[in-house]
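Could you walk me through this model in the viewer? I have it open and would like to know what to select next and what is there.

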Amino acid sequence: MVKPLLPLDERLGAIASLALKALHGRENPCAADIGCDHGYLTAHLLRACPGLTMIASDVSAPSLNKARRLLAQQGLSGRARLAVADGLAAVDVPVQAVIIAGMGAGTILKIVREGRERIGDAALIVQANLDLPLLRAELSAMGYAVEREVFVRAAGRHYVTLMARRGDPRVLSAREALLGAAAGGAMDEAQRAYFTWLRGVRMREMERVAALATPKARERIEKSGREAACISEAIGMKTCTVSELEGLVGRIAPYELAEEWDNVGLLLGRRDAEVTRVLVALDLTQDVLREAQALGAQAIVTHHPIMFSARKRVTDADREGRLILDMAAAGVAHIAAHTNLDSAPGGVNDTLMAAMGCVNVRGEGFVRAGDLPEGTTLGGLRALAEQKLRARVRVYGAEDTPVRVLGCCSGAGSGEIGAAAALGADCFITGEVHHHQALDAVDQGVCVLEAGHFETENPVCEVLAGALQNAADALEYTMMVFCSRVDPFGRG
């Protein structure tokens, strides 16, 4: 009875498809699976290509034993030679395909560099977990020309498999090393998905190191930024202006929801200026501006606006004046979404409700109320708020008080306790509470959590940044959106 082919996931399937192409038409071919691990790929190739023999090696004896058992179960032991070996040491006969997968680019390159004579004219099939541009560039410099690239997604991860053959050494440009086969023109759906993901990886790298302000961090940001821009161009994205960014913010937090006394929208900057990078923060401070400049951002979107009160002059005599002058000198625009973001669906207060685990959330304007799991107490909510909001929470009321419905108004929202109580709240969370308001609330049977102005509002920054990025991506803007890691009071 002929046993069926072993099923492979998309990652191993991509390697197998390239290997079978390389072996097609060969009489009694031989291939090497370096780092064969469990042996699934080796067994699949032996089953798919009846005249094939395999050299399967691994540095791990336990892994090789797994492969040995699998091949025996499949009745394929006689066509495979298994060896515990480093690199290509086990390849002592001519082969038509050499497979090196599941390793970092540096390890693969070391194996290829040390075993070039053993590879000979074989098709070299490689799949690196990391540093794909380095792998492409170094293979080309060693004289291996990439013939095909296969892009797949398996178990939530992206993989790129290369098939190369020996040719003339060539120095790749940075763009060719980054994009590979896609550098030549249009992308297929799989390539586009991979590069969209890679662009996001580069953005997260930039965001992670922006606050470090070290030469190494600046170098990393510059390199990642260049690569992200190159990918954006290759994907076919278009540029965005400050005015268009203001429009995107307004879609998420409609400006008509802002209070009449508020100051929202574009507050500083040229409307027709190009924006490729945006920083989202709760407050606009000198540290946030420095973070934006480190990221190369041309715009900062905040919750709290500058020029909240009318100004007759802008000089360096006060904190806000210095900030406005520095923003203008740096060419960084400022857009604010204040009370409109407080009131907007999915905005500041809905984000706070979600962080506190509320369901069946209701309310409008600045006030929300939501149901809590049965058995919740004021003390339990305090602990949850301290964990989720990273806050030091002050409690007004007995900690063993049962709580069924939590109300909220983020920031300086204690004046809305009565409105939340009208929605059924028996507990209220906000950023700041006056003493007499806390006394009145407890007297009316509403306990209170005071969690800090910054702490109750800052969670929305991640939400706003994500919503802006999704909106920009939907319109295929090159714009990259980052979320500030700066605490305005320097608290780590």
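Start by selecting E455, which sits in helix α18, residues 453-457. Bear in mind as you look around that the model is predicted. Is E455 buried or exposed? With a relative accessible area of 13%, E455 is buried, because that value falls under the 20% cut-off. Now show its surroundings: beyond its neighbours within four places in sequence, E455 is in contact with L389, R390, A391 and R491.

Next, colour the open sheet of 5 strands, whose order is β9-β13-β12-β11-β20 with mixed pairing. The edges belong to β9 (265-268) and β20 (480-483); each has a single partner strand, so one side of each lacks a neighbour in the sheet. Turn the view a little and follow the twist, which averages 25° from one strand to the next.

Stay at the β20 edge and select β11, residues 277-281: 4 bridges join β11 to β20, and the two run parallel. Within this pair, look for V280, which stands opposite C483 in β20.

Then add helix α12 (residues 319-330), which lies across β9, β12 (299-302) and β13 (333-336). Relative to β9, helix α12 runs at about 95°.

Finish with the nonpolar interior. The largest nonpolar core has 43 residues, and those with the most contacts inside it are V98, I100, V112, L124, L135, L139 and F195. Helix α4 (residues 105-114) gives the most to this core, with 5 residues. Zoom in on L135: leaving aside neighbours within four places in sequence, L135 is in contact with A105, I108, L109, V126, A128 and L162. A second, separate core of 36 residues is your last stop, and includes L18, L70, I125 and A154.

Methods: Residues are numbered from 1 along each chain as its sequence is written. This is a predicted model: local features need pLDDT of at least 70, side-chain atom pairs count only at pLDDT 80 or more; totals for chains, interfaces and linings use all residues. Side-chain values use heavy atoms; hydrogens and water are left out. Buried means under 20% relative accessible area, exposed over 50%, partly exposed in between (1.4 Å probe, protein chains only). Contact means heavy atoms within 4.5 Å. Two strands pair if DSSP finds at least two bridges between them. Axes are lines fitted to C-alpha atoms, for helices over the stretch in contact, and angles run from 0 to 180 degrees between N-to-C directions. A nonpolar core is a set of buried Ala, Val, Leu, Ile, Met, Phe, Trp, Tyr and Cys residues joined through side-chain atoms within 4.5 Å.
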